[in-house]
Amino acid sequence: MKKIAVDMMGSDLGPEELKKGLLRFAEEYPDYSFILFGEKSKLDTLFASDDRFEIRNTSEVIPMEIDPMSFLRKKDSSMYQAITSVKDKKADGVISAGSTAGLVVGSTFLLKNIDGVSRAGLCSPFPTVDYSKPATILDIGASLINTKEDLLSFALMGRAYAKEVLKIEDPKVYLLSNGTEEGKGSKEGREAYQLFKEKNYLWFKGNCEAREALDGKHDVIITSGYAGNIFLKATEGMGKNMSSLIKKAFKKNIFTKIGYLFAKKGFDELSRTMDYKRFGGAIFLGVNGVVIKAHGNSDEYGFYSALKVCRNMIEADIVTKIKKQVQDE
């Protein structure tokens, strides 16, 4: 039976909402068990006696913003203990809806980077116009400043993820840029472009503009963490705005409401295609363990989806696959 370590503290909606997603996942996957880290008095009232749920009491919660030394001092926090359980081989993966900064810092310090990976990065599949083919984008915010070597690590890890988890046979890699021409992009982007060319990677296909990133034709898109996080927040914001505008348009009068009834099936499909919650969150690729960052505002479906991402990573043995990808290159 595989085991997932769950940081139950620090999410926006609290452990009650995470519990709903956990129970839904546990019912669907009876071959998984869980170690739950958090305030025992609260968790005991949420989970009935079930040997698949082991509760470990912790006294601290990692705040949203935290520096490395402060994190290392909070050894009795739910996040620290959850990551440690993966380090000690007591769990096969860890998931948290708490502090992104804390999870990145803690996973880097406790699990360490895979040999040959210059910097680990946050990766996420993004919905595209092709429902069956999400785009893998990294880094989306683990770090602000990156080198060409970092971008190479992101490319190799992104290919491994797209191939092993998303089942894309030969993933093609692009650099996120402000133009498709070779000379466009940030300093590290231009340097990475030349590095990829020098190594003659057949899977590297050049630059990609943000407006084309989610067209379903770009398998893996590489960027520095600063630009990647802006892309993430911009696309999420645009998705919410478009949904709001569409609803407002159809509520305008009786005729638009009738029109909605005829178009409902199409809009339901659109909503399903562009729903970020079906991916649940981000994956911290490059460390010696499966680490999943669920959305801070995860509801039942969002956390359930994040747990499925964690399971997919464990079942794909993604850490071993990344090690091989890095060694082969």
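The following paragraphs lead the reader through the aromatic pairs, charged contacts, cavities and backbone features of this structure. The model is predicted, and residue numbers run from 1 along each chain as its sequence is written.

The aromatic side chains offer a convenient place to begin. A pair of aromatic rings is described by the distance of the centres and the angle of the planes. In this model there are 13 aromatic pairs. One of them joins F196 to Y201 in an edge-to-face arrangement, with 6.1 Å from centre to centre and 65° between the planes. Both of these residues, F196 and Y201, are buried. F196 also forms an edge-to-face pair with F204, and here the centres lie 4.9 Å apart while the planes are at 75°. The relative accessible area of F196 is 1%, so this residue counts as buried. F204 has a relative accessibility of 10% and is therefore buried as well, the limit for that class being under 20%.

Aromatic rings also come together elsewhere in the chain. F25, Y29, Y32, F34, F47 and F53 are linked by ring pairs into a cluster. A ring can have a charged side chain as its partner too: R24 lies over the face of Y304, at 4.2 Å from the ring centre.

The charged residues come next. Side chains of opposite charge can pair when their charged atoms come close. The model contains 16 salt bridges. Among them is the contact between K20 and E17, whose nitrogen and oxygen are 3.3 Å apart. Both residues belong to helix α1, which spans residues 15–28, and they are separated by 3 residues, about one turn of the helix. Are the two partners buried or exposed? K20 has a relative accessible area of 41% and is partly exposed, whereas E17, at 17%, counts as buried.

A second salt bridge joins the side chains of E54 and R56, with an N to O distance of 2.7 Å. E54 has a relative accessible area of 32%, so it is partly exposed. R56 is likewise partly exposed, at 32% relative accessibility.

A third example connects D170 with R159, at 3.4 Å from N to O. D170 lies in the loop between α6 (148–164) and β7 (173–177), while R159 is in helix α6, so the pair ties together parts that are 11 residues apart in sequence. D170 is partly exposed, with 40% relative accessibility, but R159 is buried at 10%. These two residues do not stand alone, for R159, D170 and K172 are linked in a network of salt bridges.

From side-chain contacts the account turns to enclosed space. Rolling a probe the size of a water molecule over the atoms shows where empty space is left. There are 3 cavities of 30 Å³ or more in the model. The largest cavity holds about 50 Å³ of space. Its lining consists of 13 residues, and those nearest its centre are F284, L285, G289, I318 and V319. Strands β10 (281–285) and β11 (290–294) and helix α11 (318–328) are the elements that each give two or more residues to this lining. What classes of residue make up the lining of the largest cavity? It has 11 nonpolar and 2 polar residues, and no charged ones.

The backbone has several features that merit attention. L138 and D139 are joined by a cis peptide bond, with omega at about 0°. D139 is part of the loop between β6 (135–138) and α6.

Two residues are notable for their phi angles. K167 is not a glycine, yet its phi is positive, at about 65°. This residue lies in the loop between α6 and β7, and its relative accessibility of 64% means that it counts as exposed. D317, also not a glycine, has a positive phi of about 50°. D317 is found in the loop between α10 (300–315) and α11. With a relative accessible area of 39%, D317 is partly exposed.

Key: Predicted model: local features only at pLDDT ≥ 70, side-chain atom pairs only at ≥ 80, totals over all residues. Heavy atoms only, no water. Phe/Tyr/Trp six-rings, centres within 6.5 Å; stacked < 30°, edge-to-face > 60°. Buried < 20%, exposed > 50% of the residue type's maximum accessible area, 1.4 Å probe, protein only. Lys NZ or Arg CZ within 6 Å of the ring centre and 35° of its normal. Salt bridge = Lys/Arg side-chain N within 4 Å of Asp/Glu carboxyl O. Helix = DSSP H or I, 4+ residues; strand = E, 2+ residues; numbered from the N terminus. 1 Å grid on protein atoms, 1.4 Å probe; cavity = no way out; pocket = protein on both sides within 12 Å on 5 of 7 lines; lining within 4 Å. Points joined across faces, edges and corners; volume = space filled by probe spheres on them. Nonpolar A, V, L, I, M, F, W, Y, C, P; charged D, E, K, R; others polar.
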